[in-house]
Number of protein chains: 2
Amino acid sequence: MKPATIRDVAERAQVSVASVSRVLTGAGAVTEPTRLKVLEAVEALAYVPHSGARSLSTSRTDTVGVILPDLFGEFFSELIRGMDVAARANGLHLIVSSSHDDASEAAAAIRSMRGRVDGLIVLSPHLDSAHLAQSLVGRLPVLLMNGGANDAGRPSMVVDNVGGAVAAVEHLLAQGRERIVHIGGPSGNLEARERQAGYVQAMTAAGREPTIVAGAFTQASGHDATKALLAEGVRPDAIFAANDMMAVGALLAFQDAGVRCPEDVAVVGFDDVPIAALVRPALTTLRVEIAETGRRAMDRLAALIAAFNDPEAAPDAACETIRPQLVVRQSCGRAHPFNGETQ
Amino acid sequence: MKPATIRDVAERAQVSVASVSRVLTGAGAVTEPTRLKVLEAVEALAYVPHSGARSLSTSRTDTVGVILPDLFGEFFSELIRGMDVAARANGLHLIVSSSHDDASEAAAAIRSMRGRVDGLIVLSPHLDSAHLAQSLVGRLPVLLMNGGANDAGRPSMVVDNVGGAVAAVEHLLAQGRERIVHIGGPSGNLEARERQAGYVQAMTAAGREPTIVAGAFTQASGHDATKALLAEGVRPDAIFAANDMMAVGALLAFQDAGVRCPEDVAVVGFDDVPIAALVRPALTTLRVEIAETGRRAMDRLAALIAAFNDPEAAPDAACETIRPQLVVRQSCGRAHPFNGETQ
DNA sequence: CTGTTAGCGCCTTCAG
DNA sequence: CTGAAGGCGCTAACAG
């Protein structure tokens, strides 16, 4: 009834548990006859090693955890997809833990990972990562993706949000747009703050007055913000949204209101989620290569884990910066409607 | 240096490990003074219980696995999002295992879950689930979502693909469309087969000749299939694609070719992924309520796990059927362009 | 090459 | 109420 253990196998094969372990793990030499006897018993008993028990004695779980604030929207989906690919390539299982709105919740999630994973990727844009990181530095390999500037000195990856935002605004200005409004992300979000800062910086540098309305990274919030804008009589000739989903919301709000894009208003997003290329007009945005970033992050974590068990490994404490690339599409009025990106 | 164990805590608190365990798990009465001593030690040593070790002795991991073929596209993202919500609500961790193209790979993934999870949700539309299910029935609580008809008798959830497809075709026919072409999914995919069967059935019933072109559930394949169709001089007045992403690909291919939708051709998809409401023209499709389905599946798995450890629990072996609902949008030429779905 | 034995870190009877 | 001891299933020395 109960699943067979290594002992059952040993008994049936008339060998010791050590031998069974040897043929199953591949470590240690075993004579052919015993190997066959073991395999026969394994087959007969439909034996499958208990990875939990194995973990306890090897102190390796071959599992990594990903802590993230949310699972909503294409950004996180893409990121996880990239991580999943790399995890598989590195022989690692992936356990995702999301919906951590506040710091204490995230901390609890991280704590509950102990004994469950060999390493962690932490995305926690809502709080300062230093605090969190402190609590587990040295204890566990961790790769930070907090969008905060305070990740320097620890293994981390950040997006150059300021640079991306500046590029967006400069592009709009270069096209002759004058009244550029920014739809910001959630106030507590570090990435959102940086994108907003970049916007303000570029506007100020150009001698323009920044105008900011609040959003929440959701399509609905972009839609609402735009509607509110129009209701107030504000008539921007360009929108720079802090992410693509809000930009899409803005796009649709303009359509609802009969404002033409790109003729009357240009719209720029951030991230380049898959949908950005599919809406019409296709969205100009800052490409982050999300899945690739996830893949890269997981590869680095795998390396961190390997180094963790190897005393003479070179410590990787690099803070890698992802530089978003401006992708110009129809929503800015320049690109050809169908520029081969339909796939 | 190394993380503290329960023994370290016991030592520092001058109590036995049993007492530490008692205050930490909440089970078993402890006198207030010892409780405080323990908590003090826990705090001082920054002790965190090792969940792997705990699992070994309790034989509960509080973790569930999700086996799925892929992580690509919004369908699986949404599904996992729903599962994640329910997992959290049930106090369960989620480990995802994807990219299992063939049966042996999926089987290996399932096997490697032993000792790692308390239960499994298996999505394996590429192979007959019975075989897989057999190998673990009784051993582990499993919820099947294989889209196969052979899940009856085991806890499972299936989408009424035939019914959905029939509804799609009938709707198109009712609108006066005559030359309805079906873009099919991957040949090995059970859901794709059923949707195709439904299409054929409805067409035949209406006395029309079915026309089927092959796709692969990706946007690119829908695009290519449509392009090929046009190149051959075929001029359908409606497309029923086996999923939304292929429908979107078709939509864009028609735009490229200057064929107007919905005037010249109607397009219907399947699934109602978020993007379906965002493309223009917005896509008519069959709504599956993906996230909700995932949530429901996880809730059922949680119940299965609970029942698994309770001898006198009523066995749940129901095969729940999800009936997709036709959502009419612009791509069929009926719905108002902006019908309030912009959010 | 093989078997014996001691843990991995924790929970959980069972006496006291 | 508390502590001692056994065991969860497996791996990894260490002898033989």
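User: Which residues of α4(A) are buried, and how do you know that they line one face of the helix?

Analyst: In α4(A), the buried residues are Ser51(A), Gly52(A) and Ser55(A); buried means under 20% relative accessible area, exposed over 50%, and partly exposed in between (1.4 Å probe, protein chains only). Viewed along the axis of α4(A), these buried residues fall within an arc of 105°, so they line one face of the helix. The arc is taken over the directions from the helix axis to the C-beta atoms. The model is predicted: local features need pLDDT of at least 70, side-chain atom pairs count only at pLDDT 80 or more, and totals for chains, interfaces and linings use all residues. Residues are numbered from 1 along each chain as its sequence is written, chains are lettered from A and ligands numbered from 1 in the order in which they are written, and side-chain values use heavy atoms, leaving out hydrogens and water.

User: Why does Arg81(A) count as buried, and where is Arg81(A) found?

Analyst: Its relative accessibility is 17%, so Arg81(A) counts as buried. Arg81(A) belongs to α5 (residues 74-89) of chain A. Helices are DSSP runs (H or I, at least four residues), as are strands (E, at least two), numbered from the N terminus. Setting aside residues up to four places away in sequence, Arg81(A) touches Ala291(A), Leu71(B) and Phe72(B), contact being heavy atoms within 4.5 Å.

User: How many residues are around DNA strand C, and what makes a residue count as near?

Analyst: A residue is near a strand if one of its heavy atoms lies within 4 Å of it. There are 26 residues around DNA strand C, and Arg22(A), Thr31(A), Ile6(B), Tyr47(B) and Arg54(B) come nearest. Among elements, α4(B) gives the most to this surface, with five residues. By class, the surface near DNA strand C has 11 nonpolar, 11 polar and four charged residues; Ala, Val, Leu, Ile, Met, Phe, Trp, Tyr, Cys and Pro count as nonpolar, Asp, Glu, Lys and Arg as charged, and the others, Gly among them, as polar.

User: What is the distance from Ser19(A) to DNA strand C, and why is this called a polar contact?

Analyst: A polar side-chain atom of Ser19(A) lies 3.1 Å from a phosphate oxygen of DNA strand C. A polar contact is a pair of N or O atoms within 3.5 Å (within protein, one must be able to donate a hydrogen and the other to accept it, and residues adjacent in sequence count only if both atoms are side-chain atoms), so this pair qualifies. For bases of DNA strand C, a backbone N or O atom of Leu56(A) lies 3.4 Å from a base oxygen, and a polar backbone atom of Ala53(B) is 3.3 Å from a base nitrogen.

User: Which contacts reach the bases of DNA strand D, and which elements supply its surface?

Analyst: A side-chain N or O atom of Arg22(B) is 2.5 Å from a base oxygen of DNA strand D, and a backbone N or O atom of Ala53(A) lies 3.3 Å from a base nitrogen. Two or more residues of the surface near DNA strand D come from each of α1 (6-13), α2 and α4 of chain A, and α2 and α4 of chain B. The element that gives the most is α4(A), with five residues. Of the atoms of DNA strand D within 4 Å of the protein, 66% belong to sugar or phosphate and the rest to bases.
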